[in-house]
Amino acid sequence: MAINKVKLYDVPSEARVLERDLGKMPVLECKHLGITFGGLHAVEDFNVTIGPSEIAGLIGPNGAGKTTIFNLLTKVYEPTNGVIMLDGKDTHGKTTAELSHMGIARTFQNIRLFNHMTVIDNVIAADHQNNYNLASGIFKLPGYWKKEKEAKERAMELLSIFDMEDEAKVSANSLPYGEQRRLEIVRALATQPKLLLLDEPAAGMNPSETAELMENIRKIRDTFNIAILLIEHDMKLVMGVCDGIAVLNFGKVIAKGTPEEIVSNEAVIEAYLGRQKEA
């Protein structure tokens, strides 16, 4: 499929990380998003738009506000000001659970699996379609076994895409670190998201695991046709998979662009390296 030339915008109301699927409704729009804690502006005037099937990166020094933005997007925090639109719908007043059903899924910097459950049960637990009620589950009412079978089939299909079907009955806490990371992503995909948020997915990974993660991120986008927004400090991964990148410092976006533009941006170099501009 032909890819349109990347277009970048500086005007807040058109503050796209990039625009590839022209004419399609954005998956995510943040307009003048901000949050204040006791007078401190943790995030201020954050504007970004992500289209369908985009892979976008959010980078910046520690304490820049990146995870705070993820917490705003998933309603761990309610914004002090600004608007978050998901697939054209305003998310104001929505709970974290409601946003999950609307189409946002998230992984965390610190892995959060159900450690003593099996791999397949971790995936089934996240499946929104597996919605039989408590009475049906306790008393095994008609329809329970059919839904249970369908849930297992969906979970196995997801696991097979990521070559984890052989570990389906293994306890999650017995998996190697890299596979635990992969399982967390598979579990997020079980919610059938429109937008997948990855919070430092390469944290703690060795180079071979990171290379595999890069391939899996591309596979997710191409297989599920969803948008991905990731926070990451591994610049090789960011530059290798992201179509567009926004750089955050002290709660504000200081640069947006393609990987090639970001890597040579003076403001970005200063934020990371503390280098002063030449007179």
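**Strand S9 and its partners**

Guide: In this predicted model, both faces of strand S9 are covered: Gly244, Ala246 and Leu248 on one side, and Ile245, Val247 and Asn249 on the other, are all buried. Local features need pLDDT of at least 70, side-chain atom pairs count only at pLDDT 80 or more, and totals for chains, interfaces and linings use all residues. Residues are numbered from 1 along each chain as its sequence is written, and side-chain values use heavy atoms, without hydrogens and water.

Visitor: Why is S9 called mostly covered?

Guide: Buried means under 20% relative accessible area, exposed over 50%, and partly exposed in between (1.4 Å probe, protein chains only). In S9, residues 244–249, 6 of 6 residues are buried, so the description applies. Across the protein chain, 50% of the 279 residues count as buried.

Visitor: What makes S9 a strand?

Guide: Strands are DSSP runs of E with at least two residues, while helices are runs of H or I with at least four, numbered from the N terminus. The chain has 10 helices and 10 strands under this scheme.

Visitor: How do you know that S3 and S9 pair?

Guide: Two strands pair if DSSP finds at least two bridges between them. S3 (residues 55–59) and S9 are joined by 4 bridges and run parallel, so they qualify as paired. Ile59 has Val247 in S9 as its bridge partner.

Visitor: What makes S9 and S10 a pair, and in which sense?

Guide: S10 (residues 252–257) shares 5 bridges with S9 in the antiparallel sense, and therefore meets the criterion. Leu248 stands opposite Val253 in S10. The two strands form a hairpin with 2 residues between them, and Phe250 in the turn has a positive phi of about 50°.
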